[in-house]
Amino acid sequence: MNAKQLSPGIWHLAANISKDNLFEGLWPIPHGVSLNSYIVEGADIALIDLVREWEDAPKQLETQLKELGLEFNRIKYLILNHLEPDHTGWLANFKKRNPHIEIVTTKKGADLVREFYFIEDNIRVVKTGDKIDLGDGKTLEFYEVPNVHWPETMVTYEPASGTLFSCDAFGSYGSLTEKSCDCELSEKEHEFYEFESLRYYANIVASFSTFVERAIKALSDLEIKTICPSHGIVWTDRPQDIVERYARYASYYKGPCEPEITLIWGSMYDNTAYATDAVRDVLLESGITFHEYRVPEQDISHILAHAWKSQGLILGMPTYEYHMFPPMAHVIDMMGRKHVKGRKVFWYGSFGWSGGAEKELNSLIEQHKLGWDITGKADFRGRPTEEDIEKIKQGVRDFIKTVMESAKK
Ligand SMILES: Cc1cc2nc3c(=O)[nH]c(=O)nc-3n(C[C@H](O)[C@H](O)[C@H](O)COP(=O)(O)O)c2cc1C
Ligand SMILES: [Fe+2]
Ligand SMILES: [Fe+2]
């Protein structure tokens, strides 16, 4: 991407990371991800958020700074909204190139600058309401938004242009093309980034949903004309859309969620797979929106995205060594960690002699305080009989009704 002017004196810079990486060393990014930085130029110049030494991200950023004719030593302030290494990994080497730069961050951010990068000097600690006057009509104001995503996180606001530099809040996966503003995207491209923002939210931000709600409320008095997140597209045309979207995602934490079902299943020898065909038939007949994943073949990142918005979860799992099929235990454990709570659940699956999947399901629900309401189940020995299949089908029909009645209207 090239450096792109958003308004007089404000530029968007972005390093694209390719699909061959895992975000947080964990999440697949089949469409890549961008690490966004911003330049605000008054009489003094500030760089907002940095990159990690990841692929050639520092080089991409450096090239874009050069495009703007900006030597490193002309940048006076480095604003670090959030110390996670995706935005700071290059800090020590960047500082060597510009030893006089003043790092601006929260008190907790300053501790992390010392602990992660052994940098002690030229750190300015700011708190909510503090300002830096850059001259020529440009000001930076700081607002702490703890736990969106780490405890030290803040956002930066430039009042003359109404620009909010929101760091991880309002971000998404998906690398950027030259069409990096919401106003430039087609409906199809918006759909692409919408799902990538849901997946990003479910993977990275979901656990901190109450803090997201708090931050949205705390920032509601600002007149925001442009939102500049640290990942994904910039919102110049309809910034309220991404705020409303994040508020909706955060609301799934307490529920109710969308009238949708995520069906997750696994099978060793196709007995549970055979029952899944019946489950799918009923879902298709009903017309309800559903999302189907087989484990371990399909990845947890996508499963979490759809589970996060679905009021109903259907789990298909055979018994394995007196417990549930292990990949399903992994999925439920991850849903626990990411607070996919308060859902309606139906489960089914095959066992050989004793069963055991149910016991583990109950203990995982308890362990993670998931508060799931198991409204029905259908387990069966070996290959499901016609009677078993009928029971499963009726169970799913009843479950769909329960989901529709309890979901967001
Ligand atoms: C490695 C392995 C471990 C199993 N452990 C149990 C068990 O502890 N209790 C039980 O009732 N059945 C157990 N079974 C039997 C399966 O639950 C049974 O074969 C079931 O039909 C498999 O469903 P699937 O065809 O959907 O994989 C086990 C099967 C395998 C292959
Ligand atoms: Fe982060
Ligand atoms: Fe980030």
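Colleague: How do the residues of the shell around ligand 1 divide into nonpolar, polar and charged?
Modeller: In this predicted model, the shell has seven nonpolar, eight polar and two charged residues.

Colleague: And which ones come nearest to ligand 1?
Modeller: There are 17 residues around the ligand, and S267, M268, E321, Y322 and S350 come nearest.

Colleague: Which helix and strands each supply at least two residues of that shell?
Modeller: Helix 8 (271-286) does, along with strand 18 (319-320) and strand 20 (344-351).

Colleague: OK, polar contacts. What does the backbone of M268 do?
Modeller: One of its backbone N or O atoms sits 2.5 Å from an oxygen atom of ligand 1.

Colleague: How about N271 and G352, which ligand atoms do they pair with?
Modeller: For N271, a polar backbone atom is 2.8 Å from an oxygen atom of ligand 1. With G352, a polar backbone atom is 3.1 Å from a nitrogen atom of the ligand.

Colleague: So how much of ligand 1 does the protein cover?
Modeller: On its own the ligand has 640 Å² of accessible area, and the protein covers 85% of that.

Colleague: Which pocket is that space?
Modeller: The largest one: that's the space ligand 1 takes up.

Colleague: Switching topic: where does E102 lie?
Modeller: In strand 8, which runs over residues 102-105.

Colleague: Why do you call E102 partly exposed rather than buried?
Modeller: Because its relative accessible area is 21%, and buried means under 20%.

Colleague: How far apart are E102 and M268?
Modeller: C-alpha to C-alpha they are 58 Å apart in space, and 166 residues apart in sequence.

Note on methods
Residues are numbered from 1 along each chain as its sequence is written. Chains are lettered from A and ligands numbered from 1 in the order in which they are written. This is a predicted model: local features need pLDDT of at least 70, side-chain atom pairs count only at pLDDT 80 or more; totals for chains, interfaces and linings use all residues. Side-chain values use heavy atoms; hydrogens and water are left out. A residue is near a molecule or strand if one of its heavy atoms lies within 4 Å of it. A polar contact is a pair of N or O atoms within 3.5 Å; within protein, one must be able to donate a hydrogen and the other to accept it, and residues adjacent in sequence count only if both atoms are side-chain atoms. Accessible areas come from the Shrake-Rupley method with a 1.4 Å probe; for residues, only the protein chains shown count as cover. On a 1 Å grid over the protein atoms alone, a cavity is a set of points where a 1.4 Å probe fits but cannot get out, and a pocket is an open set with protein on both sides within 12 Å along at least five of seven lines; lining residues have an atom within 4 Å of a point. A molecule sits in a cavity or pocket if more than half of its atoms lie within 2 Å of its grid points. Helices (H or I, at least four residues) and strands (E, at least two) are DSSP runs, numbered from the N terminus. Ala, Val, Leu, Ile, Met, Phe, Trp, Tyr, Cys and Pro count as nonpolar, Asp, Glu, Lys and Arg as charged, and the others, Gly among them, as polar. Buried means under 20% relative accessible area, exposed over 50%, partly exposed in between (1.4 Å probe, protein chains only).
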